[in-house]
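Q: Please take a close look at the enclosed and open spaces in this model, and at the elements that surround them. I would like one connected account that starts with the internal voids.

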Amino acid sequence: MRYPQVSFVRQNNILFIRVFMILFLSCIAFRNNLCLSSIPSTLKALPLDGHFTFDEVHFAAKDFGNRYQFLPAAILHPKSVSDIANTIKHIWQIGSHSELTVAARGHGHSLQGQSQAHRGVVISMESLQGPEMQVYTGNSPYVDVSGGELWINILHECLKYGLTPKSWTDYLHLTVGGTLSNAGVSGQAFQHGPQISNVNQLEVVTGKGDVVTCSEKHNSDLFHSVLGGLGQFGIITRARISLEPAPDMVKWIRVLYSDFATFARDQEHLISLGRTFDYIEGFVIINRTGLLNNWRSSFNPQDPVQASHFKSDGRTLFCLELAKYFNQDKSDVVHQEIEHLLSQLGYITSTLFLSEITYIEFLDRVHVSEVKLRSKGLWEVPHPWLNLFIPRSKIHNFADEVFGNILTETSNGPVLIYPVNKSKWDNRTSAITPEEDTFYLVAFLTSAVPSSTGTDGLEHILTQNKRILEYCEKAHLGVKQYLPHYTTQEEWRAHFGPRWEIFVQRKSAYDPLAVLAPGQRIFQKAIPFS
């Protein structure tokens with residue numbers, strides 16, 4: 001007789017639980033919506049020299065990679081460092097009850113949404129106005145620059161004083177803060193190290209909104225944390241870059257190899273010499289028609305007759321690209337040095353091509369390609385790049401599999417490959433490299449044709465990248481990604497390896513709420529329900 005009563009009570013309990021859950025979730029939604037709706041008004045109330053944008057925010061949801069689009073709640077256009085500091089301090093003081101995060105955006109050249117902040121604040125670093133760029137001459141020259149300054153502008157200014165930064169990226173239309181948050185690598189890195197090895201001092205805004213000046217001797221832990229730190233510990237608002245005397249001209253050389261072992265041996269030999277070329281890079285060419293003819297627009301063959309008979313069709317070739325800097329009054333001496341260095345190499349003799357251009361033309365060479373691609377509407381397309389650091393001991397295994405089996409052509413973009421010396425990298429920074437004295441940068445700089453389903457389409461290139469990474473993992477090559485991208489913290493743990501705990505400790509010290517650089521997907525800002 002009591003069963004109906006028990007059933008009635010159970011039904012009432014179930015009904016009560018359902019009503020409670022609906023009310024609970026409604027409260028959370030209401031609370032979140034209330035919190036979100038109040039955020040713009042609190043940001044609007046901040047005393048700033050610059051201003052916020054809340055409506056026209058779409059440009060900050062795009063980057064060079066052209067694959068990820070996350071709309072921010074606001075864009076800060078700072079006119080001073082205090083604008084950045086006040087904004088971050090405000091978000092820090094709100095605490096974990098707000099989902100607001102902050103991302104610094106330079107020239108928008110990130111690849112996978114790293115400079116985006118979904119429903120957060122994106123800081124347009126190119127708006128930052130501070131003290132003008134200042135070049136200091138003397139025995140140890142340097143230049144003080146804004147974190148939002150482009151490297152091409154730094155080059156122009158320094159050349160007025162006959163000076164230049166030592167280490168570069170191949171593309172100069174990038175901001176200082178952007179490259180220093182990664183590493184900044186090019187063909188000079190074997191000799192001078194990456195750009196992060198050529199910084200004397202930084203001004204940084206931490207995840208708490210503190211403005212800190214740091215160097216190797218002052219606040220050194222923050223200094224080394226931020227360099228190569230993927231934006232996790234602070235926003236670089238100013239940097240002091242080491243300089244050296246600038247040359248006038250560049251002897252620019254290209255030669256080809258058909259044998260990878262000889263190509264790699266010659267590269268490693270050149271970077272081991274005391275007196276060598278100033279720039280050493282290489283790239284892979286697979287099944288390209290009329291290759292040497294294409295070079296003639298920028299280079300002259302040493303032997304035009306032999307060069308005209310060379311066929312690249314259907315072959316896998318390796319190009320060694322070299323540069324020797326010089327002043328015009330030393331042209332004869334440099335010519336002799338180049339001949340001596342080339343005599344030690346085993347390239348295909350008919351493929352020696354040479355050019356002589358100004359120093360600034362050489363460093364800004366990629367911009368010429370950009371202008372051409374933009375004119376054809378081929379610049380703002382997906383760029384599913386893959387950049388890897390490969391230990392020297394594994395580079396032959398990698399080349400055999402990737403260039404022999406996985407990669408069938410290189411028409412989607414250049415494939416760079418060149419060695420660097422680990423001794424030129426500072427292991428106190430946050431940058432991660434393989435544990436060998438020499439390692440290679442291999443960069444697949446591909447562009448995808450929108451809406452294509454062929455070998456030039458995005459899906460094909462992503463599948464190819466996945467195959468390369470799966471092979472590296474399966475073969476235990478000890479590869480590290482440069483400009484890394486992972487989706488889980490476990491993958492990030494594996495990337496940092498034994499240095500993960502240091503990375504976490506630094507995060508706890510300088511950005512404990514995980515406010516900064518959410519687009520890297522390393523840490524997530526914790527938002528409690530209560």
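A: The largest cavity in this predicted model has a volume of about 100 Å³, where a cavity is a set of points on a 1 Å grid over the protein atoms alone at which a 1.4 Å probe fits but cannot get out, and a volume is the space filled by probe spheres set on points joined across faces, edges and corners. Its lining (residues with an atom within 4 Å of a point) is made up of 14 residues, and those nearest the centre are Asn182, Gly228, Ala431, Ile432 and Pro484. Strand β19 and helix α15 each contribute at least two residues to the lining of the largest cavity (helices are DSSP runs of H or I of at least four residues, strands runs of E of at least two, numbered from the N terminus). By class, this lining holds 9 nonpolar and 5 polar residues and no charged ones, with Ala, Val, Leu, Ile, Met, Phe, Trp, Tyr, Cys and Pro counted as nonpolar, Asp, Glu, Lys and Arg as charged, and the others, Gly among them, as polar.

Residues are numbered from 1 along each chain as its sequence is written. Because the model is predicted, local features need pLDDT of at least 70 and side-chain atom pairs count only at pLDDT 80 or more, whereas totals for chains, interfaces and linings use all residues, and side-chain values use heavy atoms, with hydrogens and water left out.

Across the whole structure, the search finds 4 cavities of 30 Å³ or more, and the second largest of these has a volume of about 80 Å³. Around the second largest cavity the lining includes Leu407, Thr408, Glu409, Thr410, Asn412, Gly413 and Val415, and it is completed by Phe444, Thr446, Thr455, His460 and Gln464. The lining of the second largest cavity divides into 3 nonpolar, 8 polar and 1 charged residues.

Turning from enclosed to open space, the second largest pocket (an open set of points with protein on both sides within 12 Å along at least five of seven lines) has a volume of about 840 Å³. Of the 28 residues lining this pocket, Leu469, Gln481, His485, Tyr486 and Glu491 are the closest to its centre. Four elements each supply at least two residues of the pocket lining, namely β16 (386–391), α14 (458–474), β19 (480–482) and α15 (489–496), and the largest share, 7 residues, comes from α14. By class, the pocket lining consists of 13 nonpolar, 9 polar and 6 charged residues. Both β19 and α15 thus appear in the lining of the second largest pocket and in that of the largest cavity.

Helix α15 also meets a further helix, α16 (residues 500–510): the two axes come within 8 Å and cross at roughly 115°, the axes being lines fitted to C-alpha atoms over the stretch in contact and the angles running from 0 to 180 degrees between N-to-C directions. On the α15 side, Gln489, Trp492, Arg493 and Phe496 take part, and on the α16 side Trp500, Glu501 and Phe503 do, contact meaning heavy atoms within 4.5 Å. The residues of this contact of α15 with α16 fall into 4 nonpolar, 1 polar and 2 charged. Helix α15 therefore borders the largest cavity and the second largest pocket, and α15 also makes the contact with α16 described here.
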